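User: I am new to this structure and should like to understand the terms applied to it. May I put some questions about how each description is justified?

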Amino acid sequence: MQLIDAEGQNRGVVSSQDAMALAEEAGLDLVEIVPTATPPVCKILDLGKLKYESQKKAAETRRRQKTIEVKEIKMRPNIDEHDYETKMKAVRRFFEDGDKVKVTLRFRGREMAHQHLGMELLNRVRDETAEISKVEAEPKLEGRQMMMVLAPRA
């Protein structure tokens, strides 16, 4: 087997008994690094330390990962202009944070007869956020709610 010692020096091709003896002499473990190579590559190192460092590295990458959340904005078809602007400010903030936004329009009572107003409102939201978002799910009616999902542009 090809042996690399604890200092990182290549010892060349060594028998497995000699490699085990060198590892025991150093008080470390003999770890097979590349088993598919011919001859296989082994290294003398502290296995516990190697496992600890790989766990720390994996935990660090998980910690740095950003999970994308789906934030929901609820509106009504006859929303007032100021309320609409407040909701749109929240939508823009969600896009800046990298989150998706689900815009939900709730119809109550006779508003169901005026679904075109809801579609116009969702199209207005889509047009106003067109430069910072893309439509992931087109507006669709499910029962008394009309929904649309927007995702931030990458």
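User: Why is Arg108 called exposed?

Analyst: The model is a predicted one. In it, Arg108 has a relative accessible area of 53%. The term exposed is used over 50%, so Arg108 qualifies as exposed.

User: Where does Arg108 lie, and what does Arg108 touch?

Analyst: Arg108 belongs to the loop between S6 and H4. Leaving aside residues up to four places away in sequence, Arg108 touches Arg76 and Arg144; contact here requires heavy atoms within 4.5 Å. The C-alpha atom of Arg108 is also separated by 9.1 Å from that of Gln145, although the two residues are 37 residues apart along the chain.

User: How do you know what length is expected of helix H3?

Analyst: Helix H3 consists of 16 residues, 81-96. The expected span is 1.5 Å times one less than the number of residues, which gives 22 Å for H3. From first C-alpha to last, H3 reaches 23 Å, close to that expectation. Just after H3, Gly98 takes a positive phi of about 85°.

User: Which residues of H3 are buried, and what puts them on the same side of the helix?

Analyst: The buried residues are Tyr84, Met88, Ala90, Val91, Phe94 and Phe95, a term that calls for under 20% relative accessible area. They cover an arc of only 160° around the axis, and therefore they lie on the same side of H3. In an α-helix there are 3.6 residues a turn, so residues three or four places apart point the same way. The face turned away from the buried side carries His82, Lys89 and Glu96, which are exposed.

User: What covers the buried residues of H3?

Analyst: The cover includes strands S5 (70-75), S6 (100-106), S7 (133-142) and S8 (145-152), together with helix H4 (115-128).

User: What makes S1 and S2 a pair of strands?

Analyst: Pairing requires at least two bridges. S1 (residues 2-4) and S2 (residues 10-13) have 3 bridges in the antiparallel sense, so they satisfy the requirement. Leu3 stands opposite Gly12 in S2. The hairpin has 5 residues between the strands, and Gly8 takes a positive phi near 95° there.

User: How is the protein divided into domains, and how far apart do their centres lie?

Analyst: Domain 1 spans 2-64 and domain 2 spans 70-152. Their C-alpha centres lie 56 Å apart. An unreviewed UniProt entry annotates residues 2-60 as "Translation initiation factor 3 N-terminal" and residues 68-152 as "Translation initiation factor 3 C-terminal".

Notes
Residues numbered from 1 in each chain as written. Predicted model: local features only at pLDDT ≥ 70, side-chain atom pairs only at ≥ 80, totals over all residues. Heavy atoms only, no water. UniProt positions renumbered as here; feature names shortened; annotations may be inferred. Domains from an automatic or database assignment. Helix = DSSP H or I, 4+ residues; strand = E, 2+ residues; numbered from the N terminus. Buried < 20%, exposed > 50% of the residue type's maximum accessible area, 1.4 Å probe, protein only. Arc of directions from axis to C-beta.
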